[in-house]
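Please look over the sequence and the model below. The report that follows takes up strand pairing, the nonpolar cores and one pocket.

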Amino acid sequence: MTDAQPPRQPIGLAVIGTGFGCITHVPAFRDAGFEVRVLIGRDRDRTAARAERFGIPHAATSLAEACALTEIDAVTIATPPHTHADLAIEAAERGLHVVCEKPFAADLAQARRMLDAVERAGVVHQVGTEFRYAPAQALLAREVAAGTIGTPKLATMLMHLPMFAADDAEAPDWWTDGASGGGWLGAQGTHMIDQIRSTLGEFDTVTAGLPVVADRGQTAEDSFTVHFRTVTGVDGVLQSTVGSWGPLIMTTRIAGTTGSLWIDGATVRRAGADGEHDVPVPDDLATPGPVPPPFDLFATTYDWLHATGIDRAPYTRLADAFRRRILGEALGPNEPRPATFADGVAGQAVLDAIRRSAAEGRSVRIADLP
């Protein structure tokens, strides 16, 4: 094991993954002040071509090769989920600070090994839950914490997105394979789970179903419904699908003892005895507008999920928090807390409980997981 390297500027970064890694990670980490020195991918020719396209000095097919080519202080992992554990553990053992995409791991045992590795190495670690920094979501969480709706009691989150309803919709091979960590629960459910955990507290119990609506013989779900209860006493429902025809549905609503909060597009609204009001976004939570990535990077329908560029600004905030933590700088008292590998473990426990509930047709308590 190698101890974490002392901080220096600019911080040298390796981006692992030539898909979402190039679409979002490369521009966002550059926006946050990192120097992207090497791109790592499985296919040497594709990796070299994308490195040249984005002005990255080096291309490699392994972390060992990347470390031999140039000085690296940190890595960000944007690869299929079944590859995360080995890459994150190797990075930690090399003393590199690490950001890992979600879904975090294949299962809870693997997630715990990842957390143990970064803690033993003493490196800074974060999970790619960038929407903690999206203005509406961050503001909603702040309003709940401030008690503006009293004690939260009920939560509803819905997202119906008909991207994979058509027969010719394309997804990466890993995404349709349950054994590779694919499926819509990991892709979208992890964001919803993180929003609940960072806004309302830890999950206590889940009862879930993982149907496949647009069935093409895949082994991973394209939809999920989760009824949950938090340890703080909030009752709620998460439901999302990418396999159903029809208009887009997006709802995030939290009801409390004295009022309700909900997200309407990019606006947070609050209702109570005094009527309905917009909640203005404070300057410290505001971010620049979306920047669409180059469309020639998109190979499948799955890639087009990121076509609007809504990830870039919140991911830049996430990367900036990562940079400041590496440099030993304090985070602001009111800014969203970055998700660490400890959050990755907690979120993975909820994923495992949901999958167990769906498989066994019963409610599962998070604390009862082995």
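## Strands, cores and a pocket

Strand β8 (residues 203–209) pairs with strand β9 (residues 223–230) in the antiparallel sense over six bridges, where pairing requires at least two bridges found by DSSP and strands are DSSP runs (E, at least two residues) numbered from the N terminus. This is a predicted model, in which local features need pLDDT of at least 70 and side-chain atom pairs count only at pLDDT 80 or more, while totals for chains, interfaces and linings use all residues. Residues are numbered from 1 along each chain as its sequence is written, and side-chain values use heavy atoms, with hydrogens and water left out.

β8 also pairs with strand β15 (residues 364–365), again in the antiparallel sense, over two bridges. One bridge partner of a β8 pairing is given for each strand below.

| Residue | Opposite residue | Strand of opposite residue |
|---|---|---|
| Threonine 205 | Arginine 229 | β9 |
| Valine 206 | Valine 364 | β15 |

Val206 belongs also to the largest nonpolar core, of 78 residues, where Val75, Met114, Phe203, Val206, Leu238 and Phe341 touch the most other members; such a core is a set of buried Ala, Val, Leu, Ile, Met, Phe, Trp, Tyr and Cys residues joined through side-chain atoms within 4.5 Å, buried meaning under 20% relative accessible area with a 1.4 Å probe and protein chains only. A second, separate core of 31 residues includes Leu39, Ala51, Tyr133 and Ala307.

By class, the lining of the second largest pocket has five nonpolar, four polar and four charged residues, Pro counting as nonpolar, Asp, Glu, Lys and Arg as charged, and Gly as polar; lining residues have an atom within 4 Å of a point of the pocket, an open set on a 1 Å grid where a 1.4 Å probe fits, with protein on both sides within 12 Å along at least five of seven lines.

Definitions and conventions: Buried < 20%, exposed > 50% of the residue type's maximum accessible area, 1.4 Å probe, protein only. Helix = DSSP H or I, 4+ residues; strand = E, 2+ residues; numbered from the N terminus.
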